[in-house]
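This report introduces a predicted model. Please look at the sequence and the structure below before reading on.

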Amino acid sequence: MSSKKIAKLLLQIKAIKLNTENQFTWSSGKKSPIYCDNRLTLSYPHIRNFIIDELTLSTKKKFNNVNLIAGVATAGIPHGALIANKLNLPFVYVRSSEKKHGRKNKIEGEITKKSKVIIVEDLISTGKSSLNVAKSLQKAGCDVSGIISIFNYNFKYTEELIKKNKFKFISLCNFNDLIVQAKKENYITEDEY
């Protein structure tokens, strides 16, 4: 697996949006000149399959005895479901909060206590949504083995927060490799870099 190859694919399909003048607001509330929309990978079968193969391979290599895949709602759901399908494992997804109607579930799908779970995110910025999901799964009696994502922004704070909570963390691509590739391909100017 190569972070640079994933960066190249994300740039190829314009999943990376850059706007240094009118910054994007992330779900965390942070403002940024970059937005990574990994949901676009789902529209490109060859890229989607490559990413799912890499996430599946990383899951097999880095995590032992996983028997449940959990997607973070909403962007982690499709990638998580595809990984679960490849590994022939059960799948659940976890919302940021309980539904206000119906059964008022936060976790959707069947879980068994002591399940060894991998959490799938499309990307990690602050890590708070992933940790929220991890805590919900732990509260439900699961053993969270780690978190896996397509992309992360390489915030030192996030890395320290995930380590502090004693989770393994793997990401296929990171901001540093992405921005270097973007400059190399003239996706961004020297000033934007």
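## The sheet and its pairings

In this predicted model, alanine 70 has valine 92, in strand S6, as its bridge partner, and isoleucine 69 is likewise bridged to phenylalanine 91 of S6. These pairs can be placed within the pairing of strand S5 (residues 68–72) with S6, which runs in the parallel sense over 4 bridges. Between the two strands the chain passes through helix H3 (residues 76–87), and this β-α-β crossover is right-handed.

S6 also pairs with strand S7 (residues 107–108), here in the antiparallel sense and over 2 bridges, with tyrosine 93 standing opposite glutamate 108 of S7. Taken as a whole, the open sheet consists of 6 strands in the order S7-S6-S5-S8-S9-S10, and its pairing is mixed. S7 and S10 are at the edges with a single partner strand each, so one side of each has no neighbour in the sheet.

## The two faces of S6

In a regular strand, side chains alternate between the two faces of the sheet. Strand S6 (residues 91–94) has Val92 and Val94 on a covered face, whereas Phe91 and Tyr93 belong to an uncovered one.

## Helices H3 and H2

H3 packs on the sheet, where it touches S5, S6, S8 and S9, and its direction makes about 165 degrees with that of S5.

Helix H2 (residues 45–62) has 18 residues, which at 1.5 Å a residue should span 26 Å, and this agrees with the 25 Å between its end C-alpha atoms. Its buried residues, among them Ile47, Ile51, Ile52 and Leu55, pack against helix H1 (3–12), H3 and strands S8 (116–124), S9 (143–152) and S10 (168–174).

Notes
Residues numbered from 1 in each chain as written. Predicted model: local features only at pLDDT ≥ 70, side-chain atom pairs only at ≥ 80, totals over all residues. Heavy atoms only, no water. Buried < 20%, exposed > 50% of the residue type's maximum accessible area, 1.4 Å probe, protein only. Pairing = 2+ DSSP bridges. Right-handed = clockwise from strand over helix to strand, strands pointing away. Expected span 1.5 Å × (residues − 1). Contact = heavy atoms within 4.5 Å. Axes fitted to C-alpha atoms, helices over the stretch in contact; angles between N-to-C directions.
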